[in-house]
Amino acid sequence: MALNLDLDTYLNQLKQLVNIDCGTRTPSGVAKIADVLTPMFEQIGFHVERFQLHNDAGPCLKITNKPDAQFYDVMLSGHMDTVFPEGTVANRPMTYDDEKAYGPGVTDMKSGILSAWYALQAMTLEELDRLSIVVALNCDEEIGSLYSREWLETIARQSRQVLVCEASRPTGNLIRSRKGNAKYELEFHGVASHAGSALADGISAIYELSHWSLAIKDMVNLSTGTTMNVGVIEGGMAVNVVPDYAKAIVDLRFWNTEEAEAIDKTLREMAENPFEKGASVTVNRVTFKPSMQPTADTEALIKLVSEEAEKLELTYGWEDAGGGSDGNFTAALGIPTLDGFGPMGAGFHSDKEYLLIHSIQPRIQLLANVLKRI
């Protein structure tokens, strides 16, 4: 069945989704998104199940055409949350011109969810009868799927392949691999003393942090793509006091998950042997997302998607992305996973976020045609 898309209707539906404050830390807003999406998917014959995984998070939605299925031919993955705080919509609600749509989450990733809804409608009853499809929409992707990871992985293990409906790049590229990432909180403890009359009695937590910052800089390996950044630091209470506490927040990005685990081991060994005698260090890995790497089965899926993109005469390519998505988790399970099936856009996590309007219909058609081929 060919895609039936009225662009004005699409943009009005998109505006309804974008103009809800639904940052991860605004669970009531994520719930409102779920309230809008539930009847939309039910309207096209899909069964919707709602999961409340944690009191501090919004709901997740499991949507399928085969509610009794134990196994799915394909899982479509998306998230309902954004990075933006309450009040963002009031300051900059969705707007659009002839070329682009703008607004918080317009590309990351309300348009991807909406486009998946349209792609499913382009399938015939025979195709829907043949295939078991599940759509997993979580509530906390923007904080590393802290509460929903296990839920997502459970659904992914029941699925033959995963298509993530995050945005495609402005170049038209889809995503074949993504870096893994981790966030560390490092706490440094020393002994406070007067910096003038009792300097030698103190142990500086800031000096310990400084040693660690330089050691972390030396762990960066640009040739393998492993990067670390000490992005936020705090510590000290007064200029005349030897500081007894400091804290650093560190970002780690990597292609090789084993290399990341080796760094984790090194950090913990460093904590057992502080640079400053008498200091102590606590290492807390707050989040961890393994890298998304293609397998032989993924390469076969890439070939299928490429064939359909070429039939539609799309401008496209396959990109290795530095940022992560929930596809990192599903790929790490060994399940063929590809990303970037939403419309084209950029400026994620900023007030410059935009969606390229001309890409909406062809990217929906691509996703629909891929689903038909599976």
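At what angle do the axes of helix α7 and helix α8 cross, and within what distance do they come? Hello everyone, let me start there. This is a predicted model, so please hear everything I say today in that light.

Helix α7 covers residues 205-219 and helix α8 covers residues 257-272. Their axes cross at roughly 155° and come within 12 Å. Anything over 145 degrees counts as roughly antiparallel, and α7 is therefore roughly antiparallel to α8. The crossing of α7 past α8 is right-handed. If you want to pick out the side chains, look on α7 for W212, A215, I216 and M219, which meet I263, T266, L267, M270 and A271 on α8. Sorted by class, that contact has eight nonpolar residues, one polar residue and no charged ones.

While we are in this part of the chain, a word on annotation. UniProt, in an unreviewed entry, lists residues 177-277 as "domain: Peptidase M20 dimerisation". In the model, this span is 31% helix and 35% strand, and the C-alpha atoms at its two ends lie 43 Å apart.

Now let me move on to helix α11, residues 360-373. I have two partners to show you for this helix, starting with α4.

Helix α4 runs over residues 106-121, and its axis comes within 8 Å of the axis of α11. The two cross at roughly 50°, which makes α4 and α11 oblique to each other. Here, too, the crossing is right-handed. On the α4 side, the contact is made by S115, A116, Y118, A119 and L120; on the α11 side, by I364, L367, A368 and L371. By class, we find eight nonpolar residues, one polar and none charged in this contact.

Before we leave α4, have a look at M109, which is found in this helix. The peptide bond leading into M109 from D108 is cis, with omega near -5°. Do zoom in on that one when you have the model open.

The other partner is helix α9, residues 296-311. Its axis lies 9 Å from that of α11, and the packing angle is about 130°. That again gives an oblique pair, α9 with α11, and α9 passes α11 in a right-handed crossing.

So what classes of residue make up the contact of α9 with α11? Five are nonpolar, one is polar and four are charged. From α9 we have L304, V305, E307, E308, A309 and K311, and they meet L366, N369, V370 and R373 of α11.

Speaking of charges, how many salt bridges does the structure hold? The count is 19. I picked one of them to talk about: K289 with E141, where the closest N and O atoms are 3.9 Å apart. K289 sits in strand β15, residues 280-289, while E141 is in the loop between β6 and α6, so this pair ties together parts of the chain that are 148 residues apart in sequence.

One last stop, in the loop between β6 and α6, where you will also find S145. S145 is not a glycine, yet its phi is positive, at about 50°.

To recap the helix pairs: α7 and α8 are roughly antiparallel, α4 and α11 are oblique, and α9 and α11 are oblique as well. Thanks for listening, and I am happy to go back to any of these spots with you.

Technical notes:
Residues numbered from 1 in each chain as written. Predicted model: local features only at pLDDT ≥ 70, side-chain atom pairs only at ≥ 80, totals over all residues. Heavy atoms only, no water. UniProt positions renumbered as here; feature names shortened; annotations may be inferred. Helix = DSSP H or I, 4+ residues; strand = E, 2+ residues; numbered from the N terminus. Axes fitted to C-alpha atoms, helices over the stretch in contact; angles between N-to-C directions. Parallel < 35°, antiparallel > 145°, perpendicular 65-115°, else oblique. Left-handed = near helix turned anticlockwise from the far one by under 90°. Contact = heavy atoms within 4.5 Å. Nonpolar A, V, L, I, M, F, W, Y, C, P; charged D, E, K, R; others polar. Salt bridge = Lys/Arg side-chain N within 4 Å of Asp/Glu carboxyl O.
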